[in-house]
Amino acid sequence: MIFYLTRIIMKPFMTPFNQDHPHDKSSRRKTGVNNPSPEKNINDPKVQNEIGMIIHEIRNPLTAISLANQSLHDQIGDDHLPPSLYTVTEIIGKNITRIERLLKELLHANCGQMEFAPTDICDVIERTIKKVDDRVFLKQLEVSKSYCSGLLIQANAEKLSLAFLNIIVNAIEAVKEGEGKIWITAYKRDDFIKIVFKDNGAGMEPEVASHMFDKNFSGKKNGLGVGLTNVKEILDRHKACVSVNSEPGSGTSIIVAFKAVQ
């Protein structure tokens with residue numbers, strides 16, 4: 001069994017700017033929904049048509065952003081771009097590609113199907129962290145990881161990575177720029193594998209934390225309250241248990257427990 005203890009510190013050589021807007025978690029609120037619409041079946045042809053139109057509308061401004069980013073390269077040239085600006089344009093290009101891939105996956109999504117296989121939870125964590133390295137870089141955060149190999153569970157790696165991504169992004173948005181720390185720990189206890197995501201953000205009242213995964217609940221300005229709801233749905237499909245420990249000024253810890261593969 002191989003033990004990993006890694007600390008990632010990303011300090012940019014560029015002048016920091018605030019791409020992510022952290023919000024005080026103690027000010028979490030319910031988004032106003034007076035008359036919620038009935039849930040729709042994603043496999044319904046009408047719903048699929050609506051999704052297709054929305055994706056088309058998203059791709060229009062996305063294409064404009066991509067063209068503007070490429071124009072910046074063409075007009076200035078890679079050799080004349082300051083290192084900090086080159087890094088920013090690379091991040092923009094990387095995320096444009098990722099959004100395009102997500103839109104294609106959404107277009108062909110089938111929520112009723114989720115294939116499971118023995119999965120090393122540490123591989124999923126590593127893959128997920130790579131998806132947020134630009135946010136970590138831009139916000140000058142410190143990420144510490146501690147886990148051992150061979151932590152196997154029955155999982156859908158892609159869906160589970162999406163759940164972990166939302167949890168980590170939530171932590172990133174909770175901490176202060178240049179001072180933020182996030183700890184990710186995975187270990188086996190008896191027949192269960194546990195993953196702990198901890199941050200040193202503002203924290204929140206316990207009664208507020210208990211509603212984190214509720215539908216239409218968000219602590220972000222203009223938040224839709226769907227990110228952590230999707231996390232809960234994915235974890236439920238994996239028959240995982242999730243709990244939240246948080247207090248104002250003491251950060252937040254999210255603990256996820258899975259049944260281990262024997």
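Which side chain does R127 meet in a salt bridge? In this predicted model, the partner is E158, with an N to O distance of 3.2 Å. R127 belongs to helix α3 and E158 to helix α5, so to speak two distant parts of the chain, 31 residues apart, that the pair links. Neither end is fully tucked away: R127 counts as partly exposed at 34% relative accessibility, and E158 likewise counts as partly exposed, at 47%.

Stepping back to the whole chain, the model has 262 residues, of which 40% count as buried. Seven helices and 10 strands make up the list of secondary-structure elements. Contacts reach well along the sequence: taking those between residues at least 6 apart, 78% join residues at least 24 apart. The chain exposes about 15100 Å², and 54% of that comes from carbon and sulfur atoms.

Back to the charged pairs. The total comes to six salt bridges, and the R127 and E158 pair is one of them. Another brings together the side chains of D133 and K94, at 2.4 Å from N to O. D133 sits in helix α4 (residues 133–139) and K94 in helix α2, so this bridge ties together parts that lie 39 residues apart in sequence. D133 has a relative accessibility of 27%, which makes it partly exposed, and K94, at 36%, is also classed as partly exposed.

A further bridge joins E126 and K145, with 2.8 Å between N and O. Here helix α3 (residues 121–131) supplies E126 and strand β4 (residues 142–148) supplies K145, so parts 19 residues apart in sequence are tied together. The two ends are covered to unlike degrees: E126 is partly exposed, with a relative accessible area of 27%, whereas K145 counts as buried because its relative accessibility is 7%, under the 20% cut-off. As a general point, side chains of opposite charge can pair when their charged atoms come close.

Now for the nonpolar interior. The largest nonpolar core holds 45 residues, and the ones with the most contacts inside it are I121, L160, F164, I195 and F258. Helix α5 (residues 157–174) makes the largest contribution to this core, with 10 residues. Apart from that core lies another one, of five residues, which include I51, I55, L62 and I96. In soluble globular proteins, nonpolar side chains tend to be buried together.

F258 is a handy place to look at the large core in detail. Leaving out residues up to four places away in sequence, F258 touches I121, I153, L160, F164, D191, F192, I193, I195, L235, H238 and A240. One of these, I193, also stands opposite F258 in β10. Strand β10 (residues 252–259) is mostly covered, with seven of its eight residues buried.

What does β10 pair with? Strand β7 (residues 192–199) runs antiparallel to β10, and the two pair over eight bridges. Strand β9 (residues 241–246) is antiparallel to β10 as well, joined to it by six bridges. Within that second pairing, C241 stands opposite A257. β9 and β10 also form a hairpin, with five residues between the strands. In the turn, G249 takes a positive phi of about 85°.

Elsewhere, T89 gives a look at helix α2 (residues 83–107), where this residue is found. T89 counts as buried because its relative accessibility is just 2%. Neighbours within four places in sequence aside, T89 is in contact with N69, L72, H73 and L81.

Not every nonpolar side chain is hidden, though. I54, I58 and I99 make a nonpolar surface patch of about 240 Å². Of these, I54 has its place in helix α1 (residues 45–76).

How values were computed. Residues are numbered from 1 along each chain as its sequence is written. This is a predicted model: local features need pLDDT of at least 70, side-chain atom pairs count only at pLDDT 80 or more; totals for chains, interfaces and linings use all residues. Side-chain values use heavy atoms; hydrogens and water are left out. A nonpolar core is a set of buried Ala, Val, Leu, Ile, Met, Phe, Trp, Tyr and Cys residues joined through side-chain atoms within 4.5 Å. Buried means under 20% relative accessible area, exposed over 50%, partly exposed in between (1.4 Å probe, protein chains only). Helices (H or I, at least four residues) and strands (E, at least two) are DSSP runs, numbered from the N terminus. Contact means heavy atoms within 4.5 Å. Patches are made of residues with over 30% relative accessible area and no salt bridge: like charges are joined within 9 Å, nonpolar side chains (Val, Leu, Ile, Met, Phe, Trp, Tyr) within 5 Å. Accessible areas come from the Shrake-Rupley method with a 1.4 Å probe; for residues, only the protein chains shown count as cover. A salt bridge is a side-chain nitrogen of Lys or Arg within 4 Å of a carboxyl oxygen of Asp or Glu. Two strands pair if DSSP finds at least two bridges between them.
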